[in-house]
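Biologist: I've got a model open and I'd like to learn how to read it. Can you walk me through it?

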Amino acid sequence: MSGRDPFCQPRRFGRGAALTLVFASVLAAGAATGSFPDPAPKGAAGAAGPADTAGHHEDVARAAAEAMAAGKSPMEAAERAVSRSGDRWGAVYSQGEYQEFEEALDGQYTGVGLWARRERDGRIEVTKVAAGSPASSAGITKGDRLRSVDGEKVDGRPVTEVVSLLRGDATDAAAGTEVTLGLERGTHTWSRTLRRATLSTDSVTVQKAVGGVTVITVAAFTKGVGDDVQAAVRQAPAGSGIILDLRGNSGGLVTEAVTAASAFLDGGLVATYDVNGAERALHADPGGDTTRPLVALVDGGTMSAAELLTGALKDRGRAVVVGSRTFGKGSVQMPSRLPDGSVAELTVGHYRTPSGRGVDGKGIAPDVEADSTALTRAETVLSGLGDTT
């Protein structure tokens with residue numbers, strides 16, 4: 001595992017982005033998927049409208065079935081059908097890829113437990129090692145240089161490619177498989193063979209900033225994140241302000257985003273969405289903290305379920321949004337199983353913020369624009385919203 005947050009680049013980015021964006025930040029550059037309450041589908045960006053969906057699913061399923069009957073690849077046939085449909089974010093995934101996606105939403109991943117970044121000179125440097133992980137047990141520490149993975153040099157390569165090598169994406173490597181890393185620390189170089197493991201992610205981190213401000217960073221909306229956000233709000237010092245940092249948040253489970261919204265709202269509408277033309281609504285639970293000063297920090301990597309939460313807090317007047325325009329991923333997708341066990345994710349509708357605004361392709365504009373100084377600007381804005389000491 002590698003990167004600034006605990007998710008991974010999916011193994012075939014070119015196939016589509018419905019699944020892709022659950023794997024976030026520097027580790028993914030595609031689109032995120034959200035999961036709506038049953039019986040609704042998952043949220044992701046897309047182009048096909050609700051009126052297209054019935055025939056869309058049937059065409060893809062038919063193409064896969066005909067290919068299987070002819071002894072050809074159902075996945076390849078389904079991919080061609082999705083491509084012809086014009087569904088920009090529609091995609092087809094193998095059983096293994098979809099299982100990996102579901103595990104990620106459960107807050108797990110398969111890897112060695114290290115995060116990395118590419119330096120300006122192209123070198124790959126370890127920035128964090130998860131406690132108890134294979135990388136930690138092997139003695140790898142922050143600041144070590146990663147020189148190669150299974151004999152392939154990594155200098156100058158995008159971090160996403162390094163992630164793919166560490167995970168063994170090309171061979172669908174599972175927990176227990178081996179990966180050999182070439183490492184460097186100062187003038188010392190060595191290699192170490194590790195066994196990949198199933199590890200848990202930490203999608204919510206809480207820090208204290210200047211003036212008693214609590215910064216709650218949510219990397220993705222995996223299972224349990226909503227409860228973690230609520231716990232962080234309850235544990236924040238009485239009367240102190242909160243910065244909800246959603247920068248680089250690729251989305252995830254929409255139900256978790258709604259639970260997180262419930263930490264700051266006393267019931268009421270979070271979003272509406274349509275599936276095959278039928279409109280449905282998502283509501284916050286009553287009893288949230290509605291008086292504590294709140295700033296939502298966003299950027300172009302804030303997507304899907306994270307945009308849904310941002311839109312609710314902005315439209316309901318609960319938070320000042322600071323940063324840059326969000327990605328603009330506001331459509332709904334439904335997964336369907338194909339004859340060979342692979343899964344097609346196809347667009348079936350879109351969601352809207354409480355004021356009725358669509359997000360897909362537009363994003364959400366911040367109330368206060370900021371770039372590299374966004375956190376400092378957020379603290380300044382927060383100080384003007386009320387007593388944060």
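**Reading loops and cores**

Modeller: Let's start at a loop: D150 sits in the one that links β7 (145-149) to β8 (152-153). Keep in mind that this is a predicted model.

Biologist: What is the phi of D150?

Modeller: Positive, at about 50°, although D150 is not a glycine.

Biologist: Is D150 buried or partly exposed?

Modeller: Buried means under 20% relative accessible area and exposed means over 50%, so D150, at 45%, counts as partly exposed. Now look at S304, in the loop between β17 and α8. S304 also isn't a glycine, and its phi is positive, about 50°. With 1% relative accessibility, though, S304 is buried.

Biologist: How much of the protein is buried?

Modeller: Of its 389 residues, 56% are buried.

Biologist: And how do I read a core?

Modeller: In soluble globular proteins, nonpolar side chains tend to cluster together in buried positions. Here, the largest nonpolar core has 42 residues, and V218, F221, V229, L244, F264, V270 and L309 have the most contacts inside it. Elements that each supply at least two of its residues include β13 (214-218), α6 (225-235) and β20 (343-352). The top contributor is α8, with six residues.

Biologist: Which residues does V270 touch, leaving aside neighbours within four places in sequence?

Modeller: Among them are V258, A261, L265, L282, L308 and P354. Another core, of 19 residues, lies apart from the largest one, and includes V149, V154, V179 and W190.

Notes: Residues are numbered from 1 along each chain as its sequence is written. This is a predicted model: local features need pLDDT of at least 70, side-chain atom pairs count only at pLDDT 80 or more; totals for chains, interfaces and linings use all residues. Side-chain values use heavy atoms; hydrogens and water are left out. Buried means under 20% relative accessible area, exposed over 50%, partly exposed in between (1.4 Å probe, protein chains only). A nonpolar core is a set of buried Ala, Val, Leu, Ile, Met, Phe, Trp, Tyr and Cys residues joined through side-chain atoms within 4.5 Å. Helices (H or I, at least four residues) and strands (E, at least two) are DSSP runs, numbered from the N terminus. Contact means heavy atoms within 4.5 Å.
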